[in-house]
Amino acid sequence: MIFAALQSAALEGAEKIINAALVHDPASAERLRALQGKVLLVDSSMPPLRIAVEPSAAGIMLHSNWQDSAEVTVSGTLVSLAAM
């Protein structure tokens, strides 16, 4: 329960930081708007974590423990995903 609350707060903070950065990068914001309605799933095996990235007109929304389908899934360890 505590981990879920911490994860939710961390995702909310990350979402706010990313959306604030997109305000200063209109080209990236425009490219993301073109992906509106699509979902990118980041599936980390270590630590076990699934985060869905959903572009919207206002930026992005992050969802934890996504169970629905996604247009694209990127998987691996968090370290290897960050290295990309």
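Is Arg 33 buried, partly exposed or exposed? At 34% relative accessibility, Arg 33 counts as partly exposed. This is a predicted model.

**Salt bridges**

Side chains of opposite charge can pair when their charged atoms come close. The count here comes to three salt bridges. The table gives the partners and their N to O distances.

| Acidic partner | Basic partner | N to O distance |
|---|---|---|
| Glu 12 | Lys 16 | 3.5 Å |
| Glu 30 | Arg 33 | 3.1 Å |
| Asp 43 | Arg 50 | 3.3 Å |

Start with Glu 12 and Lys 16. Both lie in helix 1, four residues apart, which is about one turn of the helix. Glu 12 is partly exposed, because its relative accessible area is 44% and that class runs between 20% and 50%. Lys 16 reaches 55%, so Lys 16 counts as exposed.

Now take Glu 30 and Arg 33. These two sit in helix 2, residues 26-33. They are three residues apart, again about one turn of the helix. Glu 30 has 47% relative accessibility, so Glu 30 is partly exposed.

That leaves Asp 43 and Arg 50. Asp 43 is partly exposed at 23%. Arg 50 is partly exposed too, at 25%.

**The nonpolar core**

In soluble globular proteins, nonpolar side chains tend to be buried together. The largest nonpolar core of this model has eight residues in all. They are Leu 11, Leu 22, Ala 29, Leu 49, Ile 51, Val 53, Ile 60 and Leu 62. Helix 1, strand 2 and strand 3 each give two or more residues to this core. Strand 2 supplies the largest share, three residues.

**The largest pocket**

Rolling a probe the size of a water molecule over the atoms shows where empty space is left. The largest pocket has a volume of about 160 Å³. Its lining includes Leu 11, Leu 49, Ile 51, Val 53 and Leu 62, and these residues also belong to the largest nonpolar core. Ser 44 and Leu 78 are also among the lining residues. Helix 1 (2-23), strand 1 (40-45) and strand 2 (48-56) each supply at least two residues of the lining. What is the chemical make-up of this lining, counted as nonpolar, polar and charged? The lining has 10 nonpolar residues, one polar and no charged.

**A loop residue**

Ala 58 lies in the loop between strand 2 and strand 3 (59-64). Ala 58 counts as exposed, because its relative accessibility is 70% and exposed means over 50%. Ala 58 and Gln 36 are 22 residues apart in sequence. In space, their C-alpha atoms are 9.8 Å apart.

Conventions: Residues numbered from 1 in each chain as written. Predicted model: local features only at pLDDT ≥ 70, side-chain atom pairs only at ≥ 80, totals over all residues. Heavy atoms only, no water. 1 Å grid on protein atoms, 1.4 Å probe; cavity = no way out; pocket = protein on both sides within 12 Å on 5 of 7 lines; lining within 4 Å. Points joined across faces, edges and corners; volume = space filled by probe spheres on them. Nonpolar A, V, L, I, M, F, W, Y, C, P; charged D, E, K, R; others polar. Buried < 20%, exposed > 50% of the residue type's maximum accessible area, 1.4 Å probe, protein only. Core = buried A, V, L, I, M, F, W, Y, C linked by side-chain atoms within 4.5 Å. Salt bridge = Lys/Arg side-chain N within 4 Å of Asp/Glu carboxyl O.
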